[in-house]
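Welcome! Let's get to know this model through a few questions and answers.

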Amino acid sequence: MTRKRHWLMKSEPEDFSIDDLERVGTEPWTGVRNYQARNFMRQMQVGDGVLFYHSNTDVPGIYGLAEVACTAYPDPTQFDRKSKYFDEKATREQPRWELVDVSFVRKLSHGIALDEIRLHAERLGEEFALIRKGTRLSVLPVTAAQWKILLSLEKK
DNA sequence: GCCAACGTTGGC
DNA sequence: GCCAACGTTGGC
C-alpha cells in the first residue's frame, strides 16, 4: 500500500460542481484531453485526496473535498461519436485518454478563493501549478504540505 | 466577452 | 524538425 497522495481537480461548476458530486456520490472524471493531466490520473491510487476546484466562475476556488475511487481506465467518451470529447484517433485497442472515478467527501464550510490562495503563494511554493503563471492544468498534484496549508485556510 | 498563455496540428 | 495557425483554458 503506497502512501496517500493529494491532487487538485478543476471543473466548471456549470458543467459539474461539488453539489453535483454530492448528489451522484461518485463520478467518472470524463473529458480530460491534456496529456499531463492524463498522466497524473494514471498515477492516482484509490483513497488519494482531491481538492475540488471550481474554474470559470464568479469566484474561482476550492469548494470541496473528494477522493479517488478507482485507478485509471480508458475514458469511454473518447469512443463515443456523439460526445464532444470524441477522439477519432483513439481506438479501444489503443485508447489515448484515461480517467479515474472521483467520490464525494464533503463540501468546505466556505470556499477557498483563488485570490486567497495567491496570498499564500510564498508558503505554497513557486512550483505549485495552480498559481503558476500561464499554467492551465486541470489535474495537478498537491503536496502534503500544500494540502495542509490550503485546508487551514478553510477555517479563516 | 476578451484575451494571454499554452498545447496541438499540419504544411513544408 | 520548424513554426504558423488554430483551438482551448480560465481569469478577469
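**Meeting the two DNA strands**

By class, the surface near DNA strand C is made up of four nonpolar, three polar and four charged residues. Here Ala, Val, Leu, Ile, Met, Phe, Trp, Tyr, Cys and Pro count as nonpolar, Asp, Glu, Lys and Arg as charged, and the others, Gly among them, as polar. This is a predicted model, in which local features need pLDDT of at least 70, side-chain atom pairs count only at pLDDT 80 or more, and totals for chains, interfaces and linings use all residues. Residues are numbered from 1 along each chain as its sequence is written, chains are lettered from A and ligands numbered from 1 in the order in which they are written, and side-chain values use heavy atoms, with hydrogens and water left out.

Q: Which helix gives the most to the surface near DNA strand C?
A: A residue is near a strand if one of its heavy atoms lies within 4 Å of it. The residues around DNA strand C include Leu114, Asp115 and Arg118. The element that gives the most, with three residues, spans residues 114–119 and is helix H3. Helices (H or I, at least four residues) and strands (E, at least two) are DSSP runs, numbered from the N terminus, and the name asked for is helix H3.

Q: How far is a phosphate oxygen of DNA strand C from a polar backbone atom of arginine 136?
A: A polar contact is a pair of N or O atoms within 3.5 Å; within protein, one must be able to donate a hydrogen and the other to accept it, and residues adjacent in sequence count only if both atoms are side-chain atoms. An N or O atom in the side chain of tyrosine 53 is 2.6 Å from a phosphate oxygen of DNA strand C, while for a polar side-chain atom of arginine 118 the distance to a phosphate oxygen is 3.3 Å. For the polar backbone atom of arginine 136, the distance to a phosphate oxygen is 2.5 Å.

Q: Which part of DNA strand B lies 2.8 Å from a polar side-chain atom of arginine 136?
A: Around DNA strand B are Tyr35, Lys89, Lys133, Gly134 and Arg136. Of the strand B atoms within 4 Å of the protein, 71% belong to sugar or phosphate and the rest to bases. Lysine 133 has a polar side-chain atom 2.8 Å from a phosphate oxygen of that strand. For arginine 136, the partner at 2.8 Å is a base oxygen.

Q: Is serine 11 buried or exposed?
A: Serine 11 sits in strand E1. Its contacts (heavy atoms within 4.5 Å), leaving aside neighbours within four places in sequence, are Phe16, Trp29, Phe52, Tyr53, His54 and Ser55. Buried means under 20% relative accessible area, exposed over 50%, and partly exposed in between (1.4 Å probe, protein chains only). With a relative accessible area of 8%, serine 11 is buried.

Q: What is the relative accessible area of leucine 151?
A: Leucine 151 lies in helix H5, residues 144–152. Leaving aside its neighbours within four places in sequence, leucine 151 is in contact with Leu51, Leu65 and Leu108. Leucine 151 is buried, and its relative accessible area is 16%.
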